[in-house]
Amino acid sequence: MDSGLAAVLGATVGALGTGATGPAAALLARSTARHQVQAENMRALRESRRATYLAFAEAHERYLDMLSTTLIPLSRIERFPDQREEWIAKAHQRWDQALKYRQNEVQKIRAVLDLDTTRPVAEAALEVTTRFALLSSATRRTIEALMGRCLDTGPITPPLPGYVDILTEDGLDPEMPDLDVLQDRALEAYKAFLRTAADALGENGLRNSG
């Protein structure tokens, strides 16, 4: 570096370090303020996304729990044939509750996430939504077969687009898919979402704040 330029830079740095006034100090102040605003904006964005991701995760965790409780009475039908109608009725009731929760809480938080997310998180969220819908649809079809009639799905019109294709690609029978396998894959998608969301938020992860 040219000795003259080095001297000028050294003098400038020294002056700025001792609180110099004038154009250089004003430039540094504006640059510092701009950096602070940008840092605060990024922090606010991370916190907003963290809250959204957490709400999505919590809503879907609850939804998966509700779908899982639907499978319990279904698994008891063959073991307790004398109580067959009772178990079918319980499965129907629990599935209906899960569907209403999906129509309200799950759909609402999914819409919010779509407006405030990164692409990797959006893709992971879509996989969660797809896997949960597959489990719900397959459970509905199982209950319908047992009851001998179609179930009311409200504003959610079955079947899930690509339902047969997805199950076939997964090596499952679209007519009688293994509900336990679908449940496991829904859980895997949920866990993958948590990892992706934590990675997207950086070192603070998903659960921590600040």
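User: What makes two residues count as being in contact here?

Analyst: Contact means heavy atoms within 4.5 Å. This is a predicted model. Leaving aside neighbours within four places in sequence, threonine 70 is in contact with Ala91, Arg94, Trp95, Thr139 and Ile143.

User: Where does threonine 70 lie?

Analyst: Threonine 70 lies in helix H2, which covers residues 23-76.

User: Why is threonine 70 called buried?

Analyst: Its relative accessible area is 0%. Buried means under 20%. Therefore threonine 70 counts as buried.

User: What makes the pair of methionine 66 and threonine 70 a polar contact?

Analyst: The backbone oxygen of methionine 66 lies 3.1 Å from a polar atom of the threonine 70 side chain. The cut-off for a polar contact is 3.5 Å. The distance is within that limit.

User: How many aromatic pairs are there?

Analyst: The count comes to four aromatic pairs. In one of them, the ring centres of tyrosine 63 and phenylalanine 132 are 5.7 Å apart.

User: Why is the pair of tyrosine 63 and phenylalanine 132 called tilted?

Analyst: Their planes stand at 45 degrees. Stacked needs under 30 degrees, and edge-to-face needs over 60. The angle fits neither, so the pair is tilted. The centres also meet the pairing limit, which is 6.5 Å.

User: How do you know that this pair links distant parts of the chain?

Analyst: Tyrosine 63 is in helix H2, and phenylalanine 132 is in helix H4 (residues 119-147). The two are 69 residues apart.

User: Are these two residues buried or exposed?

Analyst: Tyrosine 63 has a relative accessible area of 1%. Phenylalanine 132 has 1% as well. The limit for buried is under 20%, so both are buried.

User: What makes phenylalanine 80 and tryptophan 87 a tilted pair?

Analyst: Their ring centres are 6.3 Å apart, within the 6.5 Å limit. Their planes are at 45 degrees, so the pair is tilted.

User: Why is phenylalanine 80 called partly exposed, and tryptophan 87 buried?

Analyst: Phenylalanine 80 has 33% relative accessibility. That value falls between 20% and 50%, so phenylalanine 80 is partly exposed. Tryptophan 87 has 9%, which is under 20%, so tryptophan 87 is buried.

User: Which residues form one aromatic cluster?

Analyst: Tyr53, Phe56 and Phe193 do.

User: Why is glycine 202 called partly exposed?

Analyst: Glycine 202 sits in the segment after helix H6 (179-201). Its relative accessibility is 36%. This is between the 20% and 50% cut-offs, so partly exposed is the term.

User: How many residues separate glycine 202 from arginine 46 in sequence?

Analyst: They are 156 residues apart in sequence. In space, they are 8.8 Å apart, C-alpha to C-alpha.

Notes
Residues numbered from 1 in each chain as written. Predicted model: local features only at pLDDT ≥ 70, side-chain atom pairs only at ≥ 80, totals over all residues. Heavy atoms only, no water. Helix = DSSP H or I, 4+ residues; strand = E, 2+ residues; numbered from the N terminus. Buried < 20%, exposed > 50% of the residue type's maximum accessible area, 1.4 Å probe, protein only. Polar contact = N/O pair within 3.5 Å; in protein donor to acceptor, adjacent residues only side chain to side chain. Phe/Tyr/Trp six-rings, centres within 6.5 Å; stacked < 30°, edge-to-face > 60°.
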